[in-house]
Amino acid sequence: MRTSFERYARRVAFGCALVASLTAGASAIAQQPSAEPTTAGAAMPEPASPSHLAAARVLVVASGMSRSFSVVIPQFMDQIGSSLAQTRPELIRDLNDVLAQLKPEFDKFADEMDDIAAQIFAKQLSEADLKAAVAFFDSPAGRQYVATQPAVLTDIVTAMQGWQGKVSTDMMTRVREEMKKRGHDI
């Protein structure tokens with residue numbers, strides 16, 4: 001059985017992946033079609049220049065993706081604090097001091113994820129495409145898109161949980177029906 005922290009970590013990871021996919025979708029709206037699309041499994045080229053990577057980093061921030069990475073650290077710290085407060089309330093004062101002391105160290109992990117995301121974008125999109133996507137996010141529509149991302153993602157994750165449960169139940173029901181037709185009760 002998974003702990004509540006493991007479930008929480010999986011939801012955060014899912015949310016980050018969802019943010020990445022939504023951001024990539026919005027970037028696709030803003031970009032011109034590439035001459036040669038990258039195929040799955042193919043080696044991705046390295047960024048052509050420092051300015052190419054810099055443009056990708058700007059996209060990570062402008063798209064709101066960076067915000068998604070930066071909230072993970074305080075959320076994990078809050079989860080640790082909540083878990084230990086329930087089991088070891090006498091440690092709260094020291095734990096809060098330790099978490100405050102460690103926060104700058106772990107905030108660097110969010111910066112690291114920004115760099116990783118920038119590398120990925122730079123490998124997938126040309127510098128011109130990155131700049132076009134940033135232009136979209138700098139537009140009123142793009143800023144509105146970024147501003148509504150948290151609410152949209154919350155609603156999508158909630159809807160997806162219900163959808164997953166329904167698909168899982170319906171699929172198992174149908175598999176059982178079909179197996180019964182073949183003489184198997186499962």
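**Helix packing and salt bridges in a predicted model**

The axes of helix 4, which spans residues 72-87, and helix 5 come within 10 Å of each other and cross at roughly 160 degrees. Because angles over 145 degrees count as roughly antiparallel, helix 4 is roughly antiparallel to helix 5. The model in which these helices are seen is a predicted one. The crossing in which helix 4 passes helix 5 is right-handed. On the side of helix 4, the contact is made by Ile73, Met77, Ile80, Gly81, Leu84 and Ala85, and on the side of helix 5 by Ile92, Leu95, Leu99, Leu102, Lys103, Phe106, Asp107 and Phe109. Sorted by class, the residues in this contact of helix 4 with helix 5 are 11 nonpolar, one polar and two charged.

A second pair of helices can be described in the same terms, since two packed helices are described by the angle between their axes and the distance between the axes. Here the axes of helix 2 and helix 6 come within 9 Å and cross at roughly 25 degrees. Because an angle under 35 degrees counts as roughly parallel, helix 2 is roughly parallel to helix 6. Helix 2 passes helix 6 in a crossing that is left-handed. The residues of helix 2 that make the contact are Ser51, His52, Ala55, Ala56, Val58, Leu59 and Ala62, and they meet Glu127, Leu130, Lys131, Ala133, Val134, Phe137 and Asp138 of helix 6. By class, the contact of helix 2 with helix 6 holds nine nonpolar, two polar and three charged residues.

Two of the charged residues in that contact, Glu127 and Lys131, also meet each other through their side chains in a salt bridge, with 3.2 Å from N to O. Both lie in helix 6, which covers residues 127-138, and they are four residues apart, about one turn of the helix. Lys131 is partly exposed, with a relative accessible area of 48%.

Helix 2 is also tied to another part of the chain by a salt bridge: Arg57 pairs with Asp114, and their closest N and O atoms are 3.6 Å apart. This pair links distant parts of the chain, for Arg57 is in helix 2 (residues 50-62) and Asp114 is in helix 5 (residues 92-124), 57 residues apart. The two partners differ in how they are classed, because buried means under 20% relative accessible area: Arg57, at 26%, is partly exposed, whereas Asp114, at 5%, counts as buried.

Asp114 has a further contact with Ser66, a residue of helix 3, which runs over residues 65-70. Ser66 counts as buried, with 15% relative accessibility. Apart from neighbours within four places in sequence, Ser66 is in contact with Val60, Val61 and Asp114.

Another salt bridge is found in helix 7, where Arg174 pairs with Glu177 and the closest N and O atoms are 2.7 Å apart. Arg174 and Glu177 are three residues apart in this helix of residues 140-181, about one turn of the helix. Arg174 is partly exposed, with a relative accessible area of 44%, and Glu177, at 39% relative accessibility, counts as partly exposed as well. The pair belongs to a network of salt bridges that links Arg174, Glu177, Glu178 and Lys181. For the model as a whole, the count of salt bridges comes to 10.

How values were computed: Residues numbered from 1 in each chain as written. Predicted model: local features only at pLDDT ≥ 70, side-chain atom pairs only at ≥ 80, totals over all residues. Heavy atoms only, no water. Salt bridge = Lys/Arg side-chain N within 4 Å of Asp/Glu carboxyl O. Buried < 20%, exposed > 50% of the residue type's maximum accessible area, 1.4 Å probe, protein only. Axes fitted to C-alpha atoms, helices over the stretch in contact; angles between N-to-C directions. Parallel < 35°, antiparallel > 145°, perpendicular 65-115°, else oblique. Left-handed = near helix turned anticlockwise from the far one by under 90°. Contact = heavy atoms within 4.5 Å. Nonpolar A, V, L, I, M, F, W, Y, C, P; charged D, E, K, R; others polar.
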